[in-house]
Amino acid sequence: MIQSPVTFSTKMTAAGEIPDAGKKSGPREMRVHPFQPDRGLPGEQTSSGPLATRITKHTGRNALTTQKLALSNCLTIPILLAGFLPVSLQHSLFAGTALPAATAVRQSTDDNEGPDDEKADPPSGVRKGYNGLFMGHSFFWPSANQLKGIITQTSVQGHQQKLVRAGGRGGSPGALWNSTSKREEAQKILDTQKIDLLVMTFFSPQDSSVQTYSRWIDYAIDKNPNTTIMIAIPWAPQLYSASPQRRKLDKAAGQLIYDTIISALRKKYPDNRILYCPYGYGTYELIDRLEDEKLPGVKHVLNPNRQQRGQSRRKKDQLLNDELGHAGELVTTVATMIWLKTLYDYDLSTLKKKSVSGLPDIDCAEIATVAFEEFRHFNEKKQQSPSGKKGATDSESDKK
């Protein structure tokens with residue numbers, strides 16, 4: 001059911017901010033048709049629906065009128081008529097419950113490894129790992145959890161991490177900062193001055209903006225000036241019903257976020273490496289291969305028979321676990337490998353385990369590499385941090 005449209009005005013500022021949607025900020029309107037929440041997992045919030053948008057961006061005396069694009073579900077991507085460059089994004093709500101099939105993620109205070117543990121320099125010929133703080137929602141934290149296990153297959157030594165998580169909008173950088181308990185939990189970790197990697201995700205322009213990311217970055221580099229930042233962007237929600245055209249537009253959000261947020265952050269923090277990881281590209285690659293019948297063992301993005309979805313989850317013959325879009329094991333594994341490639345520019349073909357159990361003919365490392373190469377150019381400019389670590393922004397000749 002589509003509810004009555006909610007009308008409000010919006011305008012992007014030079015800093016990439018979007019004012020409060022409830023306040024009129026310009027002569028142009030954006031009409032949003034909320035989607036009736038689905039019956040998903042217990043505790044899920046599944047708002048958003050078909051969107052139709054017409055936005056005008058005012059820059060000085062010029063007005064750039066954007067193309068009107070109707071996207072199902074959640075994602076608004078106005079495209080400039082001149083050059084088709086995206087200028088604004090309205091991303092929908094990510095869910096707040098963990099994947100039933102995923103291993104439970106421990107809270108940051110329960111991790112065996114953390115910033116209080118001293119890390120010795122690794123032997124010659126291996127890579128020194130980051131000491132990271134990962135913060136995000138349930139489209140993010142399964143990969144954060146899995147990363148620790150995959151790294152044990154690599155030559156990276158000393159990688160440590162903590163996780164601060166919250167469901168849905170609560171996992172966005174803005175909401176985490178505004179939550180006293182979550183902010184204090186993360187700041188306590190950063191206060192050790194041993195964190196040299198801060199990883200955050202995206203939720204919506206209102207709570208995942210240059211300003212909201214900057215609050216965390218400012219705090220982190222005040223404690224450790226050599227901190228590397230990674231902004232990790234997932235796939236769009238409700239892909240089970242998405243057409244190829246809509247997926248193409250969803251994927252275009254990667255360029256959009258780079259143009260409006262990542263570029264601005266790199267200009268603001270020139271002395272820190274800021275990595276950009278739209279790992280949702282891996283999910284789009286998986287769906288494309290499924291439609292081309294090149295994903296042996298997988299039958300559905302999501303089993304259309306609700307009663308059989310539990311069985312499909314166990315058999316791993318569906319990519320997603322629910323209508324909102326929580327990742328199955330295959331999606332999580334490909335996403336995690338993309339994280340590994342982005343952070344350490346690691347040759348994924350050297351991993352001992354490249355597939356998930358039950359799907360031996362699917363090479364996750366190859367799929368992750370293909371997806372990574374699609375956005376490698378976002379990280380081509382060298383941003384060598386004072387710590388001397390090398391990520392995907394560094395040249396291939398620097399790899400050990």
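Axes here are lines fitted to C-alpha atoms, for helices over the stretch in contact, and the angles between their N-to-C directions run from 0 to 180 degrees. The exercises below apply this to a predicted model, whose protein chain has 10 helices and 14 strands.

**Exercise 1. Classify the packing of helix H7 against helix H10, and describe the contact between them.**

Step 1: Helix H7 covers residues 280–291 and helix H10 covers residues 364–375, and the two pack at an angle of about 120° with their axes 9 Å apart.

Step 2: Angles of 65 to 115 degrees count as roughly perpendicular and those over 145 as roughly antiparallel, with the rest above 35 degrees being oblique; the angle of about 120° therefore makes H7 oblique to H10.

Step 3: The handedness of the crossing of H7 and H10 is right-handed.

Step 4: On the H7 side the contact consists of Tyr281, Gly282, Glu285, Leu286 and Arg289, which meet Glu366, Ile367, Val370, Ala371, Glu374 and Phe375 of H10. By residue class, this contact comprises six nonpolar, one polar and four charged residues.

**Exercise 2. Helix H4 packs with both H3 and H6; determine the orientation in each pair and state which residues of H4 take part.**

Step 1: For helix H3 (residues 180–190) and H4, the axes come within 10 Å and cross at roughly 25°. Since angles under 35 degrees count as roughly parallel, H3 is roughly parallel to H4.

Step 2: H3 passes H4 in a right-handed crossing, and here Arg183, Ala186, Gln187 and Leu190 of H3 meet Trp216, Tyr219, Ala220 and Lys223 of H4. The residues in this contact are five nonpolar, one polar and two charged.

Step 3: For H4 (residues 210–223) and H6 (residues 253–268), the packing angle is about 40° and the axes are 10 Å apart, so these two helices are oblique to each other.

Step 4: H4 passes H6 in a right-handed crossing, and the H4 residues that make this contact are Val210, Tyr213, Ser214 and Ile217, set against Thr260, Ile261, Ala264, Leu265 and Lys268 of H6. The contact of H4 with H6 divides into six nonpolar, two polar and one charged residue.

**Exercise 3. Is glutamine 187 buried or exposed, and which residues outside its sequence neighbourhood does it contact?**

Step 1: Glutamine 187 is placed in helix H3, and it is one of the H3 residues that meet H4.

Step 2: Its relative accessibility is 13%, and because buried means under 20%, glutamine 187 counts as buried.

Step 3: With neighbours within four places in sequence set aside, glutamine 187 is in contact with Trp177, Trp216 and Tyr219; Trp216 and Tyr219 also appear among the H4 residues that H3 meets.

**Exercise 4. Assess the span and the burial of helix H9.**

Step 1: H9 (residues 329–344) has 16 residues, and the distance from its first C-alpha to its last is 22 Å, which is close to the 22 Å expected at 1.5 Å a residue.

Step 2: Of these 16 residues, 15 are buried, so H9 is largely enclosed by the rest of the structure. For the protein chain as a whole, 56% of the 400 residues count as buried.

Step 3: Just after H9, aspartate 345 takes a positive phi of about 45°.

**Exercise 5. Place glutamate 293 and lysine 316 in the chain, and state whether each is buried or exposed.**

Step 1: Most residues other than glycine have a negative phi. Glutamate 293, although not a glycine, has a positive phi of about 60°, and lysine 316 likewise has a positive value, near 65°.

Step 2: Glutamate 293 lies in the loop between H7 and H8, whereas lysine 316 is in the loop between H8 and H9.

Step 3: Glutamate 293 has 75% relative accessibility and counts as exposed, while lysine 316, with a relative accessible area of 17%, is buried.

**Exercise 6. Describe the setting of arginine 314 and its separation from glutamate 329.**

Step 1: Arginine 314 is found in helix H8, which covers residues 309–315, and with a relative accessible area of 64% this arginine is exposed.

Step 2: Arginine 314 and glutamate 329 are 15 residues apart in sequence, and their C-alpha atoms are 9.7 Å apart in space.

Note on methods:
Residues numbered from 1 in each chain as written. Predicted model: local features only at pLDDT ≥ 70, side-chain atom pairs only at ≥ 80, totals over all residues. Heavy atoms only, no water. Helix = DSSP H or I, 4+ residues; strand = E, 2+ residues; numbered from the N terminus. Buried < 20%, exposed > 50% of the residue type's maximum accessible area, 1.4 Å probe, protein only. Left-handed = near helix turned anticlockwise from the far one by under 90°. Contact = heavy atoms within 4.5 Å. Nonpolar A, V, L, I, M, F, W, Y, C, P; charged D, E, K, R; others polar. Expected span 1.5 Å × (residues − 1).
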